[in-house]
Every structure is written in C-alpha cells, then in structure tokens.
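Got your viewer open and a selection box ready? Here's a short walk through one model, stop by stop.

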Amino acid sequence: MRTQRFKIDGMHCSSCAMNIDGELEDTKGVKESKTSYAKMITEVVYDESLISDKKIIEIVKNIGYSASTT
Amino acid sequence: MQEINLFAIFITGLVTGGLTCLAVQGGLLTSMIAQRESTIASVTNAKGQNAVPILSFLFAKLIAYTFLGFLLGWLGAVVQLSLSIKVFLQFAVVVFMLGTAMNILNVHPIFRYFVIQPPRFLTRLVRRQSKRTDLFAPMFLGAFTVFIPCGTTQAMMALAIATGNPIIGATILFVFILGTSPLFFILGYFASKLGEKLHNQFMQFAAVTLILLAAYNFYGALALTGYSFSDKGPQQNLVASDTPTISINEFGYSPNAITVKANSDVSLRLDNKNGSGCIQAFTIPALGIQKIVPLGSSATVTFRAPNQKGTMPFMCSMGMYRGVINII
C-alpha cells in the first residue's frame with residue numbers, strides 16, 4: 001500500500017470532492033481517497049501493484065479536473 | 001421584506017444554486033439515469049424517457065429541502081434566539097454569503113474554506129444510492145441531496161435559521177430549490193454540460209447576485225442593531241401619548257411614528273390586522289424588546305421610555321419594515 005497526495009485544480013465546490021473520491025474508490029486497487037476542497041488536495045491510498053499515479057491522474061482528468069503529484 | 005427578498009432568493013437559486021449544486025447532484029442524476037437506461041434499454045429499447053425520473057428526483061429534492069427549511073426555522077425559534085444573537089446570526093449570514101461570492105470569483109484561495117464539506121459517510125451513502133436502478137431510486141437520491149448542500153444552499157440554510165420561523169424557513173428553501181430546478185431539469189434531460197465560458201459567465205452573475213443579497217441582509221442586520229439611517233431628531237409640535245396604538249398591516253406599521261414622553265411608562269398596543277411574515281415580530285432594538293403578534297391578534301408591550309430625548313427606531317425582526325418612536 002502506498003499513500004500519495006495529488007494537487008487538484010478545477011473543483012468548483014465541495015461536491016466535486018465527492019465526485020473525485022467516488023470515482024477513485026470505485027477503481028480497482030484504490031483503497032481510500034480523501035479529497036479536501038479547501039486545500040485542493042486528494043490523498044489516495046492504493047495498491048501500487050494494481051494501479052499507478054499516472055492512472056489515477058488520468059481518472060481524475062476524465063471526470064473534468066486536473067491533477068498532479070505533489 | 002417578503003416579496004423582494006424571496007424574488008432575490010429565487011434568482012440566486014436559478015443561477016448560483018443551479019450551478020454550484022449541479023456539479024455533484026447533477027453528476028449523480030446523470031449517472032443514475034445512465035444506469036437506468038442501460039437496464040431499461042435492454043428490455044424495452046425505449047430511450048429518452050428521462051423526464052419522469054428527473055421530475056421525481058427534483059420533486060423529492062424540493063420536498064426534502066422545504067422540510068429542512070422548516071426544521072431550521074423551527075430550530076431558530078426553539079433556541080429562543082435573543083435579539084443580539086439574531087443580529088449576530090444575520091451578520092454571520094452576510095459574511096457567509098460574501099465569502100461564498102468571493103470564492104466563486106476566485107478572489108483568494110482562503111475563501112475556499114467558506115464552503116463546508118459534508119462528512120464522508122454521508123457522501124458515500126448518497127453515492128451508493130445513485131447506483132440503484134429501481135423506480136424509487138431517483139426519489140431517494142433527490143431527497144438524499146439534502147445531505148450534500150452546496151455553498152449557496154448552506155448560505156440559504158443559515159438564512160432559514162436566522163428567521164427563527166419554521167414557515168419562513170421552509171418558504172426560503174422551497175423558493176431557492178425551486179429556482180435551482182430548471183437548470184437541473186434541462187441539463188439532466190439532455191445529459192449535457194455547459195461550456196466552460198458560459199459556465200464562468202453564469203458564475204460571475206451568480207456571485208454578483210449573492211453580493212446584492214448579502215448587502216440587502218446587511219442593511220437589515222444593521223437596522224436590528226438599532227442604528228438609525230436618518231436620525232433627524234424628533235419633529236416639533238408632537239403630542240405624546242402613554243397608550244399609543246400601532247396597527248400591523250400587510251406592508252408596514254401604521255402609524256410608523258409614535259411619540260412618548262421621556263422617562264414615562266408606556267403601554268403600547270399592537271393590532272395585527274393583516275400582517276404575516278416577519279412583520280409580526282415587533283422589535284425595539286434599543287430596549288431589547290421583541291413581541292410576536294400573530295395575524296389577527298393583539299398584544300400590549302409595556303416599557304419605560306428612555307430619559308434622553310430623541311428618536312428610537314422600531315422594526316420587524318428582519319429590520320425591513322420600520323418606524324420610529326419620538327421621545328420628547
């Protein structure tokens with residue numbers, strides 16, 4: 001298990017945080033996703049044998065936000 | 001206060017609320033519809049039957065929020081908010097609205113903290129509901145959105161508490177959510193998204209509306225502190241009375257000026273003929289007096305007039321309808 005923080009841009013409101021967490025937690029390999037709207041950060045706990053940072057960034061981009069590792 | 005304020009709230013819902021809440025609630029709505037379509041399409045091959053689930057989603061949402069408004073207004077009433085707490089609450093609502101507007105306008109990241117993020121167990125619960133495909137799913141989901149209010153909705157919720165009246169609280173949220181509904185319906189029905197540019201323009205308009213609403217509330221809050229906007233001092237040749245009467249009408253207090261002698265005991269009679277809404281809560285901020293006179297009833301307020309000659313404003317609980325007491 002690995003914990004990685006991502007910087008998120010493009011969240012209009014706290015509900016976007018919920019969208020991101022929901023989408024990531026539905027992804028295989030992601031154990032937990034915690035997004036703070038105020039801090040513009042998502043903390044993801046995931047199994048690196050199943051998923052990568054790159055893939056996570058891609059998922060976040062697909063639902064309309066931009067992400068980068070911090 | 002009622003009409004203009006409710007209209008502003010409706011517009012805020014139509015523009016800001018619609019957009020700020022759409023991000024997630026709209027996402028839930030469309031994902032729910034997509035799930036339904038993939039299930040139903042395999043059976044009946046019918047597409048575009050989205051109106052019913054969207055309407056039931058919006059209807060349930062409207063009911064849930066109206067109920068929430070009722071509860072919040074009731075909470076404000078039960079806690080027996082003292083006048084000073086009401087003033088404080090109303091200023092807090094103003095600050096909250098301005099903070100939300102500043103956040104929409106991206107003035108500074110610090111304003112992001114004005115947006116309250118709902119606890120995770122609630123967001124998970126709501127999300128789980130969105131995956132159901134049965135007929136009641138859209139209704140459940142619509143009602144569940146009360147747990148994930150957006151920033152603008154939160155400002156309206158604060159406003160509902162500040163009124164301290166379940167009916168007005170319910171009305172505020174009803175009107176606001178009604179305002180948010182058209183955008184939800186359109187975007188839900190066409191399952192489309194606004195372009196980035198149009199979205200930004202909408203948001204700016206929304207922020208301006210919020211600022212105006214905040215200014216309006218600020219004016220009311222300021223009045224409640226007892227601050228007088230046009231203190232010209234008492235007029236000449238006034239006749240004082242120890243037992244004045246004020247009628248509460250639909251659009252104000254009549255007369256809107258009474259005269260009492262300094263340091264005298266005054267027994268003020270209040271007749272509520274056809275005043276509903278906040279005008280029923282007759283308030284003299286300087287003396288900390290607030291008397292609620294329900295529609296069709298009468299009440300008497302007794303107080304000792306101040307020693308100092310001058311004027312003392314009276315008003316409704318929101319500071320919108322006013323009048324003045326001349327002390328001679």
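Start by selecting residues 151–163 of chain B, which is helix α6. Put a distance between its end C-alpha atoms: they are 19 Å apart, and since 13 residues at 1.5 Å a residue should span 18 Å, the two values agree. Bear in mind as you go that this is a predicted model.

Now colour α6(B) by burial. How many of its 13 residues are buried? Eleven are, so the helix is mostly covered, given that a residue counts as buried when 20 or more other C-beta atoms lie within 10 Å of its own. The buried set includes B:G151, B:T152 and B:T153 at the start of the helix, and B:L159, B:A160, B:I161, B:A162 and B:T163 further along. Step just past the helix and you land on B:G164, which has a positive phi, near 60°.

**What packs on α6(B)**

Add helix α2 of chain B, residues 51–78. Its axis and that of α6(B) come within 6 Å, crossing at roughly 45°. Parallel or oblique? That angle is neither under 35 degrees nor in the perpendicular or antiparallel ranges, so the pair is oblique. The crossing is right-handed. To see the contact, show B:G69, B:L72, B:G73, B:L75 and B:G76 on the α2(B) side, then B:M157, B:A160, B:I161, B:A162 and B:T163 on the α6(B) side. Sorted by class, that makes six nonpolar residues, four polar ones and no charged ones.

Next, bring in helix α3 of chain B, residues 83–104. Here the axes come within 9 Å and cross at roughly 170°. With an angle over 145 degrees, α3(B) and α6(B) are therefore roughly antiparallel. On α3(B), pick B:K86, B:L89, B:Q90, B:A92, B:V93, B:F96, B:M97, B:T100 and B:N103; their partners on α6(B) are B:G151, B:T152, B:A155, B:A158, B:L159, B:I161 and B:A162. This contact has ten nonpolar, five polar and one charged residues. Keep B:I161 and B:A162 highlighted: they appear in the contact with α2(B) and again in the one with α3(B).

**Zoom out on chain B**

Show the whole chain as a cartoon and you'll be looking at eight helices and nine strands. Of its 328 residues, 41% are buried. Take the contacts between residues at least 6 apart in sequence, and 77% of them join residues at least 24 apart.

For a surface stop, select B:R128 in helix α4, residues 120–129. Buried or exposed? B:R128 is exposed, because 11 other C-beta atoms lie within 10 Å and the limit for exposed is 12 or fewer. Draw a C-alpha to C-alpha distance from B:R128 to B:L141 and you get 9.4 Å, across 13 residues of sequence.

**Backbone oddities**

Most residues other than glycine have a negative phi, and most peptide bonds are trans. Three places go the other way.

- Go to B:P255, in the loop between β2 (252–254) and β3 (257–260) of chain B. The peptide bond from B:S254 into it is cis, with omega near -5°.
- Move on to B:N263, in the loop between β3 and β4 (265–272) of chain B. Not a glycine, yet its phi is positive, about 60°. B:N263 is exposed, with 12 other C-beta atoms within 10 Å.
- Finish in chain A at A:M40, in the loop between β2 (30–36) and β3 (41–46). Phi is positive here too, near 60°. A:M40 is partly exposed, with 17 other C-beta atoms within 10 Å.

Note on methods:
Residues numbered from 1 in each chain as written. Chains lettered and ligands numbered in written order. Predicted model: local features only at pLDDT ≥ 70, side-chain atom pairs only at ≥ 80, totals over all residues. Axes fitted to C-alpha atoms, helices over the stretch in contact; angles between N-to-C directions. Helix = DSSP H or I, 4+ residues; strand = E, 2+ residues; numbered from the N terminus. Parallel < 35°, antiparallel > 145°, perpendicular 65-115°, else oblique. Left-handed = near helix turned anticlockwise from the far one by under 90°. Contact = placed C-beta atoms within 7 Å. Nonpolar A, V, L, I, M, F, W, Y, C, P; charged D, E, K, R; others polar. Expected span 1.5 Å × (residues − 1).
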